[in-house]
Amino acid sequence: MFIYTPHGVCSNEIHVNIDDKNKIENIQVIGGCPGSLIALSELCKGQDATAIIHKLRGISCGKRETSCPDQLSYALEAALQTDKADKTVNLAPEISKPKQMFAISTK
């Protein structure tokens, strides 16, 4: 799973899974407009990631220069670049790091 932090939109994170043939397996958007983003995620499943990038790039939201679909195009592009560079790269280490546990003694 690739995790992308969008900029200039209401959503907070975009999680993307792309298979070895560049087909989108799953997209989860945290924050934003749930109905529209769930629909967008479902419509993208099984589609070629590069084709979706070209379809979504440049879409704006109201007066904003970007949108959640536009940011998804950047997330997909980054996921493809990361996958080509190294399948083990994790660009969001703060999410994957286990939290340290501390024991407090009352004695």
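Select Arg57 first: in this predicted model, Arg57 is partly exposed, with 31% relative accessible area. Keep Arg57 displayed and add Glu77, because the side chains of these two residues meet in a salt bridge, 3.4 Å from N to O, and Glu77 likewise counts as partly exposed, at 28% relative accessibility. The pair links distant parts of the chain, since Glu77 belongs to helix α3 while Arg57 lies in the loop between α2 and α3, 20 residues apart.

A search of the whole structure finds two salt bridges, and for the one between Glu42 and Lys45 the closest N and O atoms are 3.1 Å apart. Glu42 is partly exposed at 47% relative accessibility, and Lys45 is also partly exposed, with a relative accessible area of 35%.

From Lys45, move to Ile24, which touches Lys45 and, among residues more than four places away in sequence, also Asn17, Cys44, Gly46, Gln47, Ala49, Ile52 and Leu76.

Ile24 leads into the largest nonpolar core, a set of 22 residues in which Ile14, Val16, Ile18, Ile24, Cys44, Leu72 and Leu76 touch the most other members. To see where this core comes from, colour the elements that give two or more residues to it: strands β1 (2–4), β2 (11–18) and β3 (24–31), together with helices α1 (34–44), α2 (49–56) and α3 (68–85). Finish on α3, which provides the largest share of this core, seven residues. In soluble globular proteins, nonpolar side chains tend to be buried together.

Notes:
Residues are numbered from 1 along each chain as its sequence is written. This is a predicted model: local features need pLDDT of at least 70, side-chain atom pairs count only at pLDDT 80 or more; totals for chains, interfaces and linings use all residues. Side-chain values use heavy atoms; hydrogens and water are left out. A nonpolar core is a set of buried Ala, Val, Leu, Ile, Met, Phe, Trp, Tyr and Cys residues joined through side-chain atoms within 4.5 Å. Buried means under 20% relative accessible area, exposed over 50%, partly exposed in between (1.4 Å probe, protein chains only). Helices (H or I, at least four residues) and strands (E, at least two) are DSSP runs, numbered from the N terminus. Contact means heavy atoms within 4.5 Å. A salt bridge is a side-chain nitrogen of Lys or Arg within 4 Å of a carboxyl oxygen of Asp or Glu.
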